[in-house]
Amino acid sequence: MMDLKLAPSFSVIALNAQRSLHMTTVKKVSLRCMAAAVILELYLEGCFTQSENKLTLPKEGLDQAHSTLYRETVLQPLLHKHAEVKGDLNWWVKKASMLSNKQLKKFETAISDYLKAMDLLEDIPSLLGSDMYFETAEVEVRAYRSNMEAYSSITENIRAEILEEGSVTDEVICMLWLLRECGCMHDFFSLNEIEKVNIKLHVLYQSNVWAKALLPIQIRHGIELGIKRFLELKTKFAKTFIGSSINLLFPALEPSRAVFIETESWFDNSNQRLDAVITRLLSYGHEVKVMERGSIATLKIDNLLYDAIPHFVMMKVPIQGVRLVPKRPL
């Protein structure tokens, strides 16, 4: 994995494609998990003192944590005016995940600025804003785009550790737990792979002390809308205690809406139509790579995969274009 701490690493994949100007429900869920990641980051760095199952963040630990603004924005609401705060791991991560909307916005600003300073995140026009209806209505929609190399490095490292033989680090156990609590496992793993992940997590729960402490914790309060929307995604391979919730929640990545990109001319050749759409997307500042051509092409746009389906809409005259539909796993 890149030389990044846990919270920034998870934020690179959690903020990608999220709207930057609005606090959407999907982004709020991501931010709650990112705040919980700050607590796990502090734990892995040994900033807590532990007595039995209670974790205490001492004054000197607080001062050290305050040296990073994104940590401070999570810890300040928890500490308030207390000299020290004590609780078990479950208490700490749940408290961090229950920040108010105002506190979440402050945290978002702090960690996005941190990532932007490292050239790991940028603010670009959203793909959704390229949709013909948004464009003609002059509605500006902006979104975060994570550094493509960093995004690939982080996600591929997680996949490699959990899907291949060998040990799994505490950091990757944290990342998998965060992905599970964000409800976006299916964005990074195929259905067959999720079954393997489920089995591996269950084995880790039985044999790994850190996994046994972390995996049973759930931070799902306040996300009922998403749970309701995606309850139907419960599938037959969620069989064990630890993995039973993998597919119940909603995805952290939002581009679930099919985006229609019109062409300025009418093309009989599907490749010419696709090239015209790609040229338009590039002019909007998106990074586009053709993964596969054909009647339905596969495009990688700003870290995410889309099916590019030829389509037209009827206005006063028919308008030709391509409808971009998110493809999973990403």
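A crossing of two helices is called right-handed if the near helix is turned clockwise from the far one by less than a right angle, and left-handed if anticlockwise. The exercises below apply this and related ideas to a predicted model.

**Exercise 1. Describe how helices α2 and α5 pack, and state which residues form their contact.**

Solution. Two packed helices are described by the angle between their axes and the distance between the axes. For α2 (residues 25-44) and α5 (residues 89-97), the angle is about 140° and the axes lie 7 Å apart. Roughly antiparallel would require an angle over 145 degrees, and α2 and α5 are therefore classed as oblique to each other. In the sense defined at the start, α2 passes α5 in a right-handed crossing. From the α2 side, Arg32, Ala35, Ala36, Ile39 and Leu40 take part, and they meet Leu89, Trp92, Val93, Ala96 and Ser97 of α5. Sorted by character, the residues of this contact comprise 8 nonpolar, 1 polar and 1 charged.

**Exercise 2. Work out the strand order of the open sheet that contains β6 and β7, and explain why each of these two strands has one side without a neighbour.**

Solution. Strands of a sheet pair through backbone hydrogen bonds, either parallel or antiparallel. Here 5 strands follow the order β6-β10-β9-β8-β7, with antiparallel pairing, and the sheet is open. Because β6 (259-262) and β7 (288-292) stand at the edges and each has a single partner strand, one side of each lacks a neighbour in the sheet. Neighbouring strands of this sheet are turned against each other by 40° on average, with direction ignored. As for the partner of β7, this strand pairs in the antiparallel sense with β8 (residues 297-301) over 4 bridges, and in one of the residue pairs Val290 has Leu299 of β8 as its bridge partner. Finally, helix α14 (residues 270-283) lies across β6, β7, β8, β9 (304-314) and β10 (318-326), and its direction makes an angle of about 70° with β10.

**Exercise 3. Place Thr263 in its surroundings, and decide whether this residue is buried or exposed.**

Solution. Thr263 belongs to the loop between β6 and α14. A residue counts as buried under 20% relative accessible area, so Thr263, at 8% relative accessibility, is buried. Apart from its neighbours within four places in sequence, Thr263 is in contact with Arg273, Ala276, Val277, Gln320 and Gly321.

**Exercise 4. Compare the settings of Glu52 and Asn303, each of which has a positive phi without being a glycine.**

Solution. Most residues other than glycine have a negative phi, and most peptide bonds are trans. Glu52 has a phi near 55°, whereas that of Asn303 is about 85°. Glu52 sits in the loop between β1 (49-51) and β2 (54-57), and Asn303 in the loop between β8 and β9. Exposed means over 50% relative accessible area, so Glu52, at 74%, counts as exposed, while Asn303, at 3%, is buried. A positive phi, near 50°, is also found at His80, which follows α4.

**Exercise 5. Determine how far apart Glu149 and Asn303 are in sequence and in space.**

Solution. Glu149 is part of helix α8 (residues 148-163), and with a relative accessible area of 65% this residue is exposed. Along the sequence, Glu149 and Asn303 are 154 residues apart, yet their C-alpha atoms are separated by 9.1 Å in space.

How values were computed
Residues are numbered from 1 along each chain as its sequence is written. This is a predicted model: local features need pLDDT of at least 70, side-chain atom pairs count only at pLDDT 80 or more; totals for chains, interfaces and linings use all residues. Side-chain values use heavy atoms; hydrogens and water are left out. Axes are lines fitted to C-alpha atoms, for helices over the stretch in contact, and angles run from 0 to 180 degrees between N-to-C directions. Angles under 35 degrees count as roughly parallel, over 145 as roughly antiparallel, 65 to 115 as roughly perpendicular and the rest as oblique. Contact means heavy atoms within 4.5 Å. Ala, Val, Leu, Ile, Met, Phe, Trp, Tyr, Cys and Pro count as nonpolar, Asp, Glu, Lys and Arg as charged, and the others, Gly among them, as polar. Two strands pair if DSSP finds at least two bridges between them. Buried means under 20% relative accessible area, exposed over 50%, partly exposed in between (1.4 Å probe, protein chains only).
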